[in-house]
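Biologist: Could you take me closely through a single part of this protein, and set that part in the context of the whole chain?

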Amino acid sequence: MDFKTVEAKWQKTWAERKTFEPRTEMGKPKFFFTVPYPYVSGSLHVGHGRTYAVGDVFARYKRMNGFNVLWPMAFHITGTPVLAISSRIADGDDATIKMHEDYVAVYEPDALKAKAIVASFGKDPWNIVNYYSGKLVHDFSRMGFSLDLSRQFTTGDAEYNKFIEWQFNTYQEKGYLTQGAYPILYCVRDRNAVGEDDIKDGDSDPVSVQPFTGFKFAYEDGFLVSSTLRPDTVYGITNMFARPDALYAKIRADGQILYVAKAFVEKMKLQHHDVELLQELNGEGFLGKTCRTPLGKQVPILPGAFVDPEHASGFVHSVPAHAPFDYVALQDLRKDAKWKAIVEKIEPIAVIAVPGYGPIPARDVVERMKIANLKEKGKLDKATAELYKKEYYEGTLLSINGEFAGQKALDAKDKMAAWLKTKGAALDVYEASRPAQCRCGGQVVVAVMSDQWFLDFNASGWKTAASECLKRMDIHPAAYRKQFEDVFAWLNMRPCARRRGLGTRLPMSRDWIVESLSDSTIYMAMYTIIKTIRELKIAPEKLDKDFFDYVFSGKGTGTSQAQAVRAEFLYWYPNDQRHTAVAHLTNHLSFFIFAHAAIFAPEHWPKSITLNELVVAEGTKMSKSKGNVVSLNDIAEHTGADLFRLYAICTADLAATLDFRAKDIDALRRRLNKLYTIWDEWAAVSAEPAAATPTPIVRWLQSKFTSIAQRSTDALEKRALREYAQAAFFEALNVAEHFSSRANATEKAQAASRLLKPWIGLLCPLIPHACEQYWENVKGSGLASTSPWPALPQAWRDESAEAAEDFLMNTVSDIRTILPLVKKKPAKITLIVASDQKRRKMAEMLQAETPDQVTGEGFMENFVRKRLYELKHTKAVDEHAILGHSQDYLQTVFAVPFTVVAEEQSENARKEKALPGKPAVFIE
């Protein structure tokens, strides 16, 4: 099959007929399905392809089951990424220009035209939006996704802006929107708050605000600041570490002299402190001196090459009893003559009792893991993670901890930090959870902005409503429900607006713009109404609070136009199923549930969420530097949409990572081509007159296909897509191949007339282009995509026919096993069917409950003992009749004459070997 021609043909047909553009049909059940709209900043890859391919199977299956399916799409442009691309291209950034020239070259073979298009990106960010949004539609269409493309919008459109303004006014009315000082991720170049969508790899490698407690150590005329995640170990400090070759600074912060890493000075300014740089200092100058802990104990300052001056405040205090890094660092320094005398006076101080560990837990884990020195960072990271988790959840503070003694570490941690801050011995320090860059190229740090706008997820009643919404929802795979619950538990204040970027201006403070993960939570409702708004030519300025209050909540008296728009909303909402990749669980999907619980009545809350894992290529994460990014355009051009879709569904369950491998694609292509060969054979005879009474092999095929159809349906109903593909494609293909090897022309015509159309229907959600082509070839009514889901007559289920064929195939297998043992070319094969007496005897043996209860004699007893449970479920068949009817087939397969004889009529000495279900084989 020429997949390009066939796929293009049916994509054009669907578009011309508007096959996937539904209208409201009262009385017809609806199914409103969504997948997150793509961000418009480049081309799509197989990761997007997998998520949408999974989604398309869901949508097509529902459509064929009689549902009025709405699956729309739009484009996300909010935030700084599009602006960053535009500004970097305008600034002549070679890497950005090259990257987008590569993207555009996928669609534009003319290099000069591609360069001109990319140059236009630097002139106006909307040129990026307009170009890539068109190409995303092109890519999705080439994959055969059954999307309604008539409801497109961007998050920068005027109608959408009015919609989001209404959403945020509603938040404020309910007390969910607040303004104040709070730590946020911040781009130092853009001087703007940033979220996941603004940060490079922010979706796949999340960045968060990490709060530290900054201990103040008295030193000369001020304090050294050492940042920690473990304020509960303050009583165990034995020394301080400073990096000898690092640059430090003496500063005046809020009127107090502090010593910190030079890199932290600017971060501290951004964290709401009044900071003046007094002096730059080399780390070497601190070494050998002493400082006093927040509790007043004098400790030495030692060299620590492992200290990262770019992380937090740049000093690290040492708790060697509970920190594997600290314990090993001191062991290393013992070997240095310059520091040996000081280090040998340091003894670890135990402050937490940990079940399963001795008084010095860090020493225990270091010795158990055989960590020799600081160079074994991987082992040290593992040891630290193990011990910190154990101490946090199971540790109890020892008596040395004063008023906190006896408390659990997890309870004491925040209390001890607050206590130290009250004493003036500590301050808040914030750091990004990992080094990160904004998409504009600026460093991402943590800032405290005094007038930042937030969504307060702990506002009265909100979390309760969101939890109730989640409780009502179906989450698949079910294992992810616990992760949602955990996210809900820690969600607190979420920055929801930025000073810069594309999107919607915050209605109550228009110098702020709603950020990208806050304006993409209820846009599914916009899908239901945007088409009608535009058809009725309702101007954006008319989309005010009264309009949306009526449309979404029924408040007030709506105009005739508003009534028409509300009717659309009421027909399609709620969102019956939302599908996406698991990377969105901790942010977008959780915010999606909270937003619906806040804005809509319970009858309009979403019903279900399905998720799939991510995609890697050739065993590794996709990245341009590795050259393993596979674009959807490449797939459509070189692989084919149907083959990719089949691969994406059958290769991995939703909860498993999909590893896209070229050799596996090639192997699957061969199986797909085999399917087309069989369909070609069947299509050629499907219209021929067929015998009214099916033969045994046709009855077997009907029975198998009826079972496959039912299991395919059951799998789709429980959203087990890989199970569906395995049945409808692989198992059905294996069954059909076997049938083709067994059947004559008449039987093939009979099978084709009864089963080809149902088989095409079964596979239509999976490989829709090929199915449409074969549906047309066999003169199916209308389109395969809108034909009813196949339901084969349960009367076709024939256990006897299946048992008969299984018996025959087992016999063939036995013959194939024996033939290599015969040293001469066979001239004749005789099959001896077991006697009725043996059948009665075996029936008696099968009354046993367990193998050891089987009684009898000889090899029949051993045979039954070994296969008791299998034989109990094996249906008895007329072996003599089956083998007699199949003699022509057997002679064709083995190219030798066959004779079938009952044991009672045989004089052959081997007849004693005949058993029920296992004829004796005699080769002459």
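Modeller: What follows looks at one pair of helices, then at one strand residue, and ends with the whole protein. This is a predicted model, in which local features need pLDDT of at least 70, side-chain atom pairs count only at pLDDT 80 or more, and totals for chains, interfaces and linings use all residues. Residues are numbered from 1 along each chain as its sequence is written, and side-chain values use heavy atoms, with hydrogens and water left out.

Helix α7 (residues 158–173) packs against helix α17 (residues 545–553) at an angle of about 80 degrees, their axes being 10 Å apart; helices here are DSSP runs of H or I with at least four residues, strands are runs of E with at least two, and both are numbered from the N terminus. The axes are lines fitted to C-alpha atoms, for helices over the stretch in contact, and angles run from 0 to 180 degrees between N-to-C directions. The two helices, α7 and α17, are therefore roughly perpendicular, a term that covers 65 to 115 degrees. K162, F163, W166 and E173 of α7 make the contact with K545, F548, D549 and F552 of α17, where contact means heavy atoms within 4.5 Å.

Elsewhere, E280 sits in strand β10 (residues 275–282) and is partly exposed, with a relative accessible area of 44%; buried means under 20%, exposed over 50% and partly exposed in between, with a 1.4 Å probe and protein chains only. Leaving aside neighbours within four places in sequence, E280 is in contact with L247, Y248, A249 and K262, and the C-alpha atoms of E280 and A249 are separated by 4.4 Å although the residues are 31 apart along the chain.

As for the whole protein, buried residues make up 56% of its 924 residues.

Definitions and conventions. Parallel < 35°, antiparallel > 145°, perpendicular 65-115°, else oblique.
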